[in-house]
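Reader: I'm a first-year student and still getting used to looking at proteins. Please take a close look at the salt bridges, and tell me about the surroundings too.

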Amino acid sequence: MNYLSVEQLTKTYADRTIFEDLSFGIDQGQKVALVAKNGSGKSTLIRCIMGEEPFDSGRVVFRNGINIAYLQQADDLNPENTIYEEIFDHDLPKLNVFKKYSKAVRENDELAMAELFEEISELNAWDLDSLVEQVLSKLKLDNHEAKISTLSGGQRKRVALAKVLISEPDFLFLDEPTNHLDLDMIEWLEEYLSKSNSTLFMVTHDRYFLEVITDIIYELEDEQIYRYKGNFSYYLEKKAEREENKAIEVGKARSLFKSELQWIRRQPKARGTKQKARTDAFEGIKKTASQNIEKEELEIPIKMERLGSKILELHKVSKSYPNLNILDNLTYTFKRQERLGIVGPNGVGKSTLLRIIMGEEAPDSGKVVVGDTVVFGYYSQANIEVDENMKVIDVIRDVAEFIPLEKGREMSAAHFLEKFLFPRHMHHNYVYKLSGGEQRRLKLMKVLMSNPNFLILDEPTNDLDIYILSVLEDYLKNFQGCLIVVSHDRYFMDKMVDHIFVFEGDANIKDITGNYTVYRQNLKKEILEEQAEKRLEKAEAAKVPVEKKVEKSVQTEAKRKLSFKEKNEFETLDSEIEKLETEKEELTAILSGGTSTSEELNEASKRIGELMIELEAKTERWMELAEFA
């Protein structure tokens with residue numbers, strides 16, 4: 001059943017075409033993602049579809065009678081509402097009657113409760129209470145009576161997300177839904193959307209999100225749209241095939257173009273019908289042959305300042321605020337080429353630690369010792385601080401005209417910008433004309449152009465598209481200095497770091513060897529073991545005392561004994577789970593090693609998804625049998 005038809009949609013800004021004659025459809029139940037480079041028009045396309053922005057030509061048709069919800073990047077919340085009032089601010093029968101019933105309960109109005117009881121039953125709205133509690137709890141919006149005007153930007157974004165989820169729409173549009181969510185929230189949302197019956201159309205740069213949730217990916221490129229029926233791994237595979245086929249096509253066209261060009265030059269101006277047809281075809285060949293398909297690999301042999309024996313030392317560093325303890329006697333010594341990831345919920349002090357290292361904030365006690373040879377490159381979450389009337393190239397040249405390379409060579413600021421997907425025609429654009437993602441990328445270029453040997457990146461992946469993320473990952477893979485990165489991007493963390501500081505709150509920090517996936521697997525294993533232990537304790541506590549009826553005791557005991565087949569199953573499950581864990585570690589190493597081919601990465605990505613499902617099923621079965629073993 002078709003839910004959305006987009007037909008020959010065209011959108012231009014002044015003399016710039018954003019997209020032209022786009023046509024595609026989305027059917028009921030499909031989970032679709034839109035990917036494109038920053039500035040290509042992803043958000044613009046969604047706003048045009050939703051009627052938030054006019055388009056030049058074409059049409060957008062939704063199926064009649066469906067409930068649609070839209071999460072924008074910039075929220076449109078009522079500042080006078082409380083969180084609870086805002087999430088119910090929908091004109092939907094189910095939510096309206098539940099809102100009235102909740103008010104009656106709070107005011108202990110038994111008459112109103114009785115009148116609304118039947119209506120709630122008819123609309124099947126009784127489950128809304130548990131849904132509301134679940135969503136608000138998972139998104140850490142515990143103070144339901146807090147005014148929207150008192151919330152931070154991240155909290156407002158989470159309220160907006162809760163609002164669209166609680167409306168349980170038939171069709172859900174999400175523009176960067178994982179921004180301002182911590183890792184626990186992202187994983188919960190991933191699971192929630194995977195199980196949801198809502199049709200989904202989203203823009204996101206979270207590649208694990210794309211891997212797990214989507215079944216169709218649309219790519220907006222060169223003002224056209226390409227459809228890939230599969231998840232992110234499938235998209236990468238088929239996109240590579242498409243680009244390879246295009247390269248072959250362009251190569252043939254260039255070869256034919258040379259011979260046709262010679263023919264054109266030889267012919268007199270007066271031509272017959274056959275000659276005219278050949279001349280017309282020449283224009284098509286010329287257009288194909290002139291396409292730029294060259295792609296540079298980002299291998300920049302930068303000559304950076306060599307790090308000495310003393311790099312960075314933290315000696316008994318403590319920091320706290322009223323009602324918030326962040327660091328308590330933290331001592332740590334950084335080594336050469338160290339790659340540290342920092343994870344934890346929002347508000348536990350991850351960015352504070354970075355500011356203390358950079359000397360932007362003083363610790364309460366302890367000291368930070370920085371080696372003489374260290375050149376920091378610090379990318380913070382703050383917006384770029386430059387004159388918005390400056391040109392892109394001048395912003396970079398203000399840092400340096402050239403960046404030194406090995407063997408005495410140099411790379412110009414213009415060439416460096418091109419490496420990070422700022423083409424020549426953008427170099428003289430003014431900063432104020434750049435999109436949010438492009439400004440973030442320019443800020444990142446400023447940091448890298450300073451040629452640091454110790455990079456500190458605080459949420460570098462926010463607002464960056466999957467293409468520039470791939471470029472940044474290539475750069476960091478070859479970076480020979482030290483790296484500290486705070487990020488909610490699980491895919492990025494898996495590829496970039498070799499150990500993790502886990503900020504658990506109240507100054508508790510764990511140092512975990514391995515990348516993010518290893519950390520989450522260990523955490524999940526701990527949770528499962530804890531659950532198994534509790535269930536075993538519960539089973540022990542539930543044993544019927546000997547003094548009770550013998551007959552009942554025998555029946556209960558019989559129920560608790562494993563059959564011969566179950567005993568064999570229980571004995572083999574341990575070894576099977578151990579093998580799966582070993583395979584998982586091997587796959588994680590492939591995904592994070594940085595030396596595998598794209599084909600190997602795709603295969604590993606597909607297999608790890610299957611393996612996680614299999615491992616979870618076997619672990620749950622082991623827990624069931626363990627109660628009676």
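Author: Here's a walk through the charged pairs, with some of the loops and helices around them.

First, some ground rules: this is a predicted model, where local features need pLDDT of at least 70 and side-chain atom pairs count only at pLDDT 80 or more, while totals for chains, interfaces and linings use all residues. Residues are numbered from 1 along each chain as its sequence is written, and side-chain values use heavy atoms, with hydrogens and water left out.

Now the overall picture. The protein chain has 20 helices and 20 strands; these are DSSP runs, helices being H or I with at least four residues and strands E with at least two, numbered from the N terminus. There are 629 residues, and 46% of them count as buried. Buried means under 20% relative accessible area, exposed means over 50%, and partly exposed is in between (1.4 Å probe, protein chains only). Take the contacts with a separation of 6 or more: 69% of them are between residues 24 or more positions apart. A contact here means heavy atoms within 4.5 Å.

On to your salt bridges. Side chains of opposite charge can pair when their charged atoms come close. The rule used here asks for a side-chain nitrogen of Lys or Arg within 4 Å of a carboxyl oxygen of Asp or Glu, and it gives a count of 27.

Let's start with Asp182 and Lys140, whose side chains meet with N and O 2.9 Å apart. Asp182 sits in the loop between strand E6 (171-175) and helix H7 (183-195), and Lys140 in the loop between helix H5 (128-138) and helix H6 (153-166), so this pair ties together parts 42 residues apart in sequence. The two partners aren't equally covered: Asp182 is buried at 1% relative accessibility, whereas Lys140 is partly exposed at 35%.

Have a look around that pair as well. Leu139 is also in the loop between H5 and H6, and it is buried, with a relative accessible area of 0%. Skipping neighbours within four places in sequence, Leu139 touches Arg158, Leu161, Ala162, Leu181, Met185 and Trp188. Trp188 is 49 residues away along the chain, yet the C-alpha atoms of Leu139 and Trp188 are separated by 9.0 Å. Over in the loop between E6 and H7 you'll find His180. Most residues other than glycine have a negative phi, but His180, which isn't a glycine, has a positive phi of about 70 degrees. His180 is partly exposed at 41% relative accessibility.

Next up is Arg207 with Glu473, where the closest N and O atoms are 2.6 Å apart. Arg207 belongs to helix H8 (residues 207-213) and Glu473 to helix H15 (residues 466-477), which makes this a link between distant parts of the chain, 266 residues apart. Arg207 and Glu473 are both buried. They don't stand alone, either: Arg207, Glu473, Asp489 and Lys495 are linked in a network of salt bridges.

For another pair, try Arg397 and Glu401, which meet at 3.7 Å, N to O. Arg397 is partly exposed at 37%, and Glu401 is partly exposed at 43%.

What about charges outside these pairs? Glu107, Asp109, Glu110 and Glu115 form a negative surface patch. Patch residues have over 30% relative accessible area and no salt bridge, with like charges joined within 9 Å (nonpolar side chains, meaning Val, Leu, Ile, Met, Phe, Trp and Tyr, within 5 Å). Lys and Arg count as positive, Asp and Glu as negative, and His and the chain ends aren't counted; the charge is placed at NZ of Lys, CZ of Arg, CG of Asp or CD of Glu. Glu115 is in helix H4 (residues 110-122) and counts as exposed, at 56% relative accessibility.

One last stop is a loop residue without a charge pair in this story. Asn453 lies between helix H14 (436-449) and strand E17 (454-458) and is buried at 0% relative accessibility. Leaving aside neighbours within four places, the residues in contact with Asn453 include Glu305, Thr373 and Phe479. Asn453 and Glu305 are 148 residues apart along the chain, with their C-alpha atoms 6.3 Å from each other.

Terms used. Areas by Shrake-Rupley, 256 points an atom, 1.4 Å probe, with all protein chains shown as cover.
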